[in-house]
Amino acid sequence: DVKGSFLMVTPERDDNVFRSARNIPGARVMAAAEVNAYEVLKHRTLILVGDATERLQKRLGSADSTRED
């Protein structure tokens, strides 16, 4: 049960999901390639679909890859 606004991140742009989400109050759908920090922080809930997590990690880099030991 999602309350408030949510951001759904899909691996790629999916027009059917985007059109369907238009009818849900507080919903925002973005492809992983379009996501930015502002959009993530603006919404109460973040939903990652399929391999959207992997695509975000590749695009933004993981915390481990920027760490120097």
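**A three-stranded parallel sheet and its surroundings**

Strands S1 and S2 pair in the parallel sense, over five bridges. The model is a predicted one, in which local features need pLDDT of at least 70 and side-chain atom pairs count only at pLDDT 80 or more, while totals for chains, interfaces and linings use all residues. Residues are numbered from 1 along each chain as its sequence is written, and side-chain values use heavy atoms, with hydrogens and water left out.

Some terms are needed at the start. Helices (H or I, at least four residues) and strands (E, at least two) are DSSP runs, numbered from the N terminus. Two strands count as paired if DSSP finds at least two bridges between them. Strands of a sheet pair through backbone hydrogen bonds, either parallel or antiparallel.

In the pairing of S1 with S2, methionine 8 stands opposite valine 29 in S2. Between these strands the chain passes from S1 through helix H1 (residues 15-21) to S2, and this β-α-β crossover is right-handed. Right-handed here means that, with the strands pointing away from the viewer, the path from the first strand over the helix to the second runs clockwise.

Strand S1 (residues 6-10) is also joined to S3, by four bridges, and these two strands run parallel. Here phenylalanine 6 stands opposite threonine 45 in S3. The result is an open sheet of three strands in the order S2-S1-S3, with parallel pairing. Its edge strands are S2 (27-31) and S3, each of which pairs on one side only. On average, neighbouring strands of this sheet are turned by 20° against each other, direction ignored. For such angles, axes are lines fitted to C-alpha atoms, for helices over the stretch in contact, and the angles run from 0 to 180 degrees between N-to-C directions.

Edge strand S3 also takes part in a surface feature. Val40, Leu41, Leu46 and Leu48 make a nonpolar surface patch of about 350 Å². Helix H2 (37-42) and strand S3 (45-48) are the elements that give two or more residues to this patch. Patches are made of residues with over 30% relative accessible area and no salt bridge; like charges are joined within 9 Å, and nonpolar side chains (Val, Leu, Ile, Met, Phe, Trp, Tyr) within 5 Å. The areas come from the Shrake-Rupley method with a 1.4 Å probe, and for residues only the protein chains shown count as cover. Leucine 48, which lies in strand S3, is partly exposed at a relative accessible area of 35%. Buried means under 20% relative accessible area, exposed over 50%, and partly exposed in between (1.4 Å probe, protein chains only).

Charged side chains come next. A search of the whole structure finds five salt bridges, a salt bridge being a side-chain nitrogen of Lys or Arg within 4 Å of a carboxyl oxygen of Asp or Glu. One of them links lysine 42 to glutamate 39, with the closest N and O atoms 3.6 Å apart. These residues are three apart in helix H2, so about one helical turn separates them. Lysine 42 is partly exposed at 41% relative accessibility, whereas glutamate 39 is buried at 8%.

Another salt bridge joins aspartate 15 to arginine 13, where the closest N and O atoms are 3.2 Å apart. Aspartate 15 is partly exposed, at 39%, and arginine 13 is exposed, at 52%. Arginine 55 forms a salt bridge with aspartate 51, at 3.7 Å between the closest N and O atoms. Glu12, Asp51 and Arg55 are joined into one network by salt bridges that share partners.
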